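This report looks at how the two domains of one protein meet. Have the sequence and the model open as you read.

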Amino acid sequence: MSLITPSHIQLNEEGRLKHFLTTEGLSKPLLTEILDTADSFISTQERSVKTVPLLRGKTVVNLFFENSTRTRSTFELAAKRLSANILNLDIARSATSKGETLMDTLWNLESMYSDMFVVRHADSGAAHFIAQHITPNVAVINAGDGRHAHPTQAMLDMLTIRREKGPFENLTVAIVGDILHSRVARSQIYALKTLGSTDIRVIGPNTLIPKDIESLGVRAFNNMAQGLKGVDVVIMLRLQKERMQAALLPSEAEYYRLFGLSTDKLALANPGAIVMHPGPINRGVEIESAVADGPQSVILKQVSNGIPMRMAVMAMAMGGQNQTRQEEG
Ligand code: NCD
């Protein structure tokens with residue numbers, strides 16, 4: 001793998017996953033291995049005893065500098081179901097709120113013999129920065145950085161698509177809404193392309209579609225009727241108002257009329273198309289309740305798949321780390 005690809009920092013000398021920061025630049029065999037590993041964990045999650053001993057004795061620290069419900073709790077459950085110890089750092093009450101720098105906080109946590117940091121941060125590039133500045137013994141998993149990447153969300157979405165609809169090569173996928181501010185969309189596009197999808201579309205108002213998006217190998221549409229025609233997978237996104245610096249929309253009502261996924265608009269896609277959303281969903285803003293709760297929706301399956309996917313990524317990253325601190329014989 002070339003050192004100029006953004007992924008080189010994610011892999012060890014043998015090409016194994018060491019950190020998981022972005023889906024960009026990772027190979028098809030590696031993404032497929034992540035999916036296969038997650039698939040193998042699904043059956044463990046359906047048993048009454050859900051834990052496996054793979055990360056016994058390891059310490060994982062959840063570092064969420066930005067709010068989260070699903071991502072934070074499924075990382076915590078995934079760590080526990082791998083038998084790791086997990087520390088949820090309460091950022092609001094931590095010393096970063098007393099002026100300590102991010103790296104000082106991390107070096108302190110590293111000194112407590114942590115093995116893995118799961119990081120969510122409002123700044124794009126935060127997880128890469130941390131991976132570059134901590135000891136090689138600690139694996140870093142990006143749980144969402146600014147509008148840059150959210151690789152575990154993208155991979156749990158790929159797992160859901162593969163289980164529900166089969167091989168990526170045959171699928172047409174549309175990502176609808178606020179592409180401009182979405183780390184999820186970017187990570188999904190890289191993953192879908194690498195896994196073999198050739199017809200990937202983004203749909204939204206011009207103000208919410210990055211100008212250079214087609215350079216990623218996707219087609220942009222400003223119209224649901226055109227964009228949804230022949231689509232097998234419809235991925236809806238939330239309007240990321242917290243990241244909007246200017247008024248990019250006329251009104252929520254107008255947005256819903258044009259781009260909200262109603263039962264009528266869903267009928268424009270292929271029969272049997274699945275409806276996805278990373279959450280949190282805003283009913284009546286980007287999606288009609290009847291669609292979110294309807295038979296084509298797999299939104300809650302995505303949430304369930306978040307646990308085996310995060311177990312897979314954590315187990316693989318731990319396996320790719322320099323194991324000098326490994327205590328078990
Ligand atoms: C997404 C995120 O945080 O990027 N949600 C998630 O992780 N489940 C998308 C969003 O916030 O809209």
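## The interface between the domains

The C-alpha centres of domain 1 and domain 2 are 26 Å apart. The model is a predicted one. Domain 1 covers 8-149 + 304-328, and domain 2 covers 151-297.

The size of an interface is often given as the accessible area lost when the parts come together. Here the two domains bury about 2,500 Å² between them. Carbon and sulfur atoms account for 58% of that area. Three residues stand out on the domain 1 side: Thr23, Leu35 and Arg147 supply 28% of the area that domain 1 buries against domain 2, more than any other three residues.

The contact and pair counts between the domains are set out below.

| Item | Value |
|---|---|
| Domain 1 residues in contact with domain 2 | 34 residues |
| Domain 2 residues in contact with domain 1 | 27 residues |
| Salt bridges between the domains | five salt bridges |
| Polar contacts between the domains (both residues at pLDDT 80 or more) | ten residue pairs |

Which elements of domain 1 give two or more residues to the side that touches domain 2? They are helix 1 (28-45), helix 2 (70-81), strand 3 (116-121), strand 4 (139-145) and helix 11 (299-319). Helix 1 gives the largest share, nine residues. By type, this side of domain 1 holds 13 nonpolar, eleven polar and ten charged residues.

One salt bridge to look up in the model pairs Glu66 with Arg183. Their closest N and O atoms are 2.8 Å apart.

Methods. Residues are numbered from 1 along each chain as its sequence is written. This is a predicted model: local features need pLDDT of at least 70, side-chain atom pairs count only at pLDDT 80 or more; totals for chains, interfaces and linings use all residues. Side-chain values use heavy atoms; hydrogens and water are left out. Domain bounds come from an automatic or database domain assignment. Contact means heavy atoms within 4.5 Å. Buried area is the accessible area (1.4 Å probe) that two parts lose on being put together, summed over both. A salt bridge is a side-chain nitrogen of Lys or Arg within 4 Å of a carboxyl oxygen of Asp or Glu. A polar contact is a pair of N or O atoms within 3.5 Å; within protein, one must be able to donate a hydrogen and the other to accept it, and residues adjacent in sequence count only if both atoms are side-chain atoms. Helices (H or I, at least four residues) and strands (E, at least two) are DSSP runs, numbered from the N terminus. Ala, Val, Leu, Ile, Met, Phe, Trp, Tyr, Cys and Pro count as nonpolar, Asp, Glu, Lys and Arg as charged, and the others, Gly among them, as polar.
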